[in-house]
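Colleague: Before we begin, I should like to ask how each term is justified.
Modeller: Please put your questions once the structure is shown.

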2 protein chains.
Amino acid sequence: MSNIKNRRWVLAEYPGGMPDADTFRLEEDIALPDLKDGEILVAARFLSVDPYMRGRISPAKNYAPGIEPGQLMTGGGVGEVIESRSGKFKVGDFAETMGFGWQQFAVLDGDADGIARVDANLAPIESSLGWLGMPGRTAYFGLFHVAQIKPGDCVVISAASGAVGQVAGQLAKHHGCRTVAVASSQAKLDWCAEIGFDAGVNYREAGDDLPAAMGMACPDGVDVYFDNTSGPIQDAVMLNLALGARIALCGTIALSATFGQPDIGLRLNRQLLINRSRMQGFLVTDFADHYDEANQALAAARNAGHLEFREDVMDGIEAMPAAFLKLLTSDNFGKQLIKI
Amino acid sequence: MSNIKNRRWVLAEYPGGMPDADTFRLEEDIALPDLKDGEILVAARFLSVDPYMRGRISPAKNYAPGIEPGQLMTGGGVGEVIESRSGKFKVGDFAETMGFGWQQFAVLDGDADGIARVDANLAPIESSLGWLGMPGRTAYFGLFHVAQIKPGDCVVISAASGAVGQVAGQLAKHHGCRTVAVASSQAKLDWCAEIGFDAGVNYREAGDDLPAAMGMACPDGVDVYFDNTSGPIQDAVMLNLALGARIALCGTIALSATFGQPDIGLRLNRQLLINRSRMQGFLVTDFADHYDEANQALAAARNAGHLEFREDVMDGIEAMPAAFLKLLTSDNFGKQLIKI
């Protein structure tokens, strides 16, 4: 214990817009506390950066408490148990939790909600941060519990090559839906086509013509929109809703650069009335009672060969802020991970 | 037949903003066609003006086809059958339909969807345009089918003293909800309190402080919003949502002055995500298969003394445009009718 020193990223200051080099601070040579009964010491193997973190480094109201300057950055991770005073984990086990934090070592309560033992024989351990973890479950609940997709639906998915989007696209396709990817580059759309998306829209290329491009891609209107972005992509969908459309609000990454500031623009809620449609926000944690159902569905899809998953892996704890910024600017390609 | 001449209002031109004296044109001495098999001739007794008509006199996309300049204005009405070639109606019966039009006499198909015989012994015939008609059913479906109210919910209702709002408030109250009226004057709020609303917000008086006023009226947040207005009242509710809130989008009367033009302002959809809430647009006609259910519930509430209904009656076909404009500017008080 005593000779292991931790390295961790804390929030240095709230970013005004897009986070930058001044937003986080690396702390080194941090002593680790002795384990208490029930606790485990975990050495990170993979850490995750996800769009929701933008909301946590803002003083604006959010669905979860924010990180204050000086505090450890929040984040999911999976690692190896190197010391245990928990009956649930032994040394050599792998543990995954959304509450790992941006750090090399974490002292965790083995009994906490949301900490899971990961079976490295079933899938690579980093899957627990991707298709078999929070992003995969988010895709599953958004489609089946919130949007209630049915065969034949035209399903538009923004950030389609991202961690959530790629899983959502493949699950919807396998359910008999027509799937439309929205992404920031042709390379991403090409890959989306490879994994089964029926059509694609490049929102950067479309620019102001995005509503028309969306209309071309969805000639009978959008039945379901899995919204990972908000912003102009949402607007374009709202102008192309089919009767009885369902919009699952999952994320607002397009608002990252101005997070917490007023979002002024075109207000399109009357479209919901005209098209008798609904828009519903959700969090994966709202469905904690259904995680087993989601995990089984995801594992079944993977085992049947219906679920590809692309990862974008950077190396080393030093890379965390760069990985996060890459994600917020859509310069990642696939689920962004950091290998420790 | 031949000696009865009709008077009717046609759309003269699309209004740019709020309709005015130039929007409609009264046509007089219009000959009535001879009845065909199945048709009835009905003399209007009460005609209705309703907020949805603003959407129909615009070239903007809407949920129903619009009226073009030169065409008869659309609208509901109830009247006496004065000639019949229908097996379903005899002379002296009362007939009600959303398809009456702004006219003194209507030739109607007795077999058409949505035409109903009105029993004058059950309730005054004008009730078929109010609490026992489209507005009453709209209130019922919005609360029970769309927002799915439950006892204990804090239910905010805009245009609360209007045709839909007053019914919604009383049904929600009787279901065990806490009800909050939003209206344009203290007189209206006083009357809302008389019929059982628990609290009231005067949006004109509150002005820019409307979000704070809404927060004071709903200290535990808004569980259900019955939205008859859109605009700043919706914004104020969005900033005060409770977890799991449901917004039933029924009307957008606050957008009347700029109908069809881009609505630029604060975009608050992230609130739906933060609060895991949903917003859903609906039309009463979506629930046509459930009209009997609604009618029975409304009649039961009325018979049990739980359902007051205030009407604002103007006289004569000449008054139709003035009645409509009064409605759009919130200068009516209760369900706006025109007695013919």
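**Terms and their grounds**

Modeller: Leaving aside neighbours within four places in sequence, B:Val155 is in contact with B:Ile149, B:Ala172, B:Cys177, B:Arg178, B:Thr179, B:Val180, B:Asp223, B:Val224 and B:Phe226; contact requires C-beta atoms, placed from the backbone, within 7 Å. This is a predicted model, in which local features need pLDDT of at least 70 and side-chain atom pairs count only at pLDDT 80 or more, while totals for chains, interfaces and linings use all residues. Residues are numbered from 1 along each chain as its sequence is written, and chains are lettered from A and ligands numbered from 1 in the order in which they are written.

Colleague: What makes helix H2 of chain B mostly covered?
Modeller: A residue is buried if 20 or more other C-beta atoms lie within 10 Å of its own. In H2 (residues 134–146), a helix being a DSSP run (H or I) of at least four residues, 11 of the 13 residues are buried; B:Tyr140 and B:Phe141 are among them. The buried residues pack against elements of chain B including helix H3 (163–174) and strand S11 (222–227).

Colleague: How do you know that chains A and B have the relation of a two-fold axis?
Modeller: Copies are superposed by least squares on the C-alpha atoms of residues with pLDDT of at least 70 in both. Chain A can be laid on chain B with an RMSD of 0.0 Å by a turn of 180 degrees and a shift of 0.0 Å along the axis. That is therefore the relation of a two-fold axis. The same surface serves both copies, as 100% of the contact residues of chain A recur in chain B.

Terms used. Two residues are in contact if their C-beta atoms, placed from the backbone, lie within 7 Å. A residue is buried if 20 or more other C-beta atoms lie within 10 Å of its own, exposed if 12 or fewer, and partly exposed in between; C-beta atoms are placed from the backbone. Helices (H or I, at least four residues) and strands (E, at least two) are DSSP runs, numbered from the N terminus.
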